[in-house]
Amino acid sequence: AANVKGNAARVELRHDGEQLQVQAQVGRSDAGFNNPAAPLNNGREEASAKAAYKLDPRNTVKAEVIRSVDSVNQLRREGVLIVAEHQFDNGIKAEAGARHSVETNATATSTVDSVRLKVGVPVNKDAKVFGEIEQDVRDADKRIVALGGDYQLGSRTKV
């Protein structure tokens, strides 16, 4: 529509140290903002941060927090994930962690508290496979089971 007007802004910060990596971003868009190519839709507030701290060459602690508000559709999502990762001598990588998230819409609120385990196994220098399970600690019927893999096609391309 020709009368649509609105502004949006987004800021991202990164730190890539040898021991600590951090990425944080904040974005906000007015309800009248309309740019299909933009990373934010209209009426959004987005904030997220990821951090990884290498305790030693084999052990890393990771954390992720998110906050997402859609004022147009009255939706809100907030969450935190904390993970401990260990790399074994044979290249197998194991992660164990916990997640807490809350999703709210105009009529209901849903809370998820879960624990997760992920194991990655190298197939060769370019490929690995992984398995993951995440289980809600309050509702035995809520779980995610995933199998997947990565293949490094080139120095900057992964499938």
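D136 touches T111, V112, D113, S114 and K142, leaving out residues up to four places away in sequence; contact here means heavy atoms within 4.5 Å. The model is a predicted one, in which local features need pLDDT of at least 70 and side-chain atom pairs count only at pLDDT 80 or more, while totals for chains, interfaces and linings use all residues. Residues are numbered from 1 along each chain as its sequence is written, and side-chain values use heavy atoms, with hydrogens and water left out.

D136 belongs to strand β8, which covers residues 127-136. Strands (E, at least two residues) and helices (H or I, at least four) are DSSP runs numbered from the N terminus. D136 is buried and has no salt bridge. Buried means under 20% relative accessible area, exposed means over 50%, and partly exposed is in between, with a 1.4 Å probe and protein chains only. A salt bridge is a side-chain nitrogen of Lys or Arg within 4 Å of a carboxyl oxygen of Asp or Glu. The nearest side chain of opposite charge to D136 is that of K142, 4.7 Å away; Lys and Arg count as positive and Asp and Glu as negative, with His and the chain ends not counted.

The side chain of D136 does have backbone partners. One of its polar atoms lies 2.6 Å from the backbone nitrogen of R138, and the side chain of D136 also reaches the backbone nitrogen of D139, at 3.0 Å.

Elsewhere, charged side chains do pair. Side chains of opposite charge can pair when their charged atoms come close. The structure holds 18 salt bridges. Five residues, K62, E85, E95, R116 and E132, are linked in a network of them.

One pair in this network is E85 with K62, whose side chains meet at 2.9 Å, N to O. The pair links distant parts of the chain, with E85 in strand β5 (residues 75-87) and K62 in strand β4 (residues 59-70), 23 residues apart. E85 counts as buried at 11% relative accessibility, whereas K62 is partly exposed at 30%.

R116 has two acidic partners in the network. Its side chain meets that of E95 in a salt bridge of 3.3 Å, N to O. This pair also links distant parts of the chain: E95 is in strand β6 (residues 93-104) and R116 in strand β7 (residues 109-122), 21 residues apart. E95 is buried, with a relative accessible area of 12%, and R116 is buried too, at 11%. The second partner is E132, whose side chain meets that of R116 at 2.9 Å, N to O. E132 lies in strand β8 and R116 in strand β7, so this salt bridge ties together parts that are 16 residues apart in sequence. E132 is buried, with a relative accessible area of 18%.

Strand β7 also holds V119, which is partly exposed, with a relative accessible area of 31%. Leaving aside neighbours within four places in sequence, V119 is in contact with I92, K93, A94, V129, F130 and G131. V119 and A106 are 13 residues apart in sequence and 38 Å apart in space, C-alpha to C-alpha.

F130, one of the residues in contact with V119, has K118 over the face of its ring, at 4.5 Å from the ring centre. A charge sits over a ring if NZ of Lys or CZ of Arg is within 6 Å of the ring centre and within 35 degrees of the ring normal.

R28 is found in strand β2, residues 20-29, and counts as partly exposed at 46% relative accessibility. Not counting residues up to four places away in sequence, R28 touches N7, A8, A9, L40, R44 and E45. The side chain of R28 makes a polar contact with the side chain of D30, at 3.0 Å. A polar contact is a pair of N or O atoms within 3.5 Å; within protein, one must be able to donate a hydrogen and the other to accept it, and residues adjacent in sequence count only if both atoms are side-chain atoms. R28 and G17, 11 residues apart along the chain, have C-alpha atoms separated by 28 Å.

The last residue is in a loop. Q74 lies between β4 and β5 and is exposed, with a relative accessible area of 51%. Q74 has a positive phi of about 55° although it is not a glycine.
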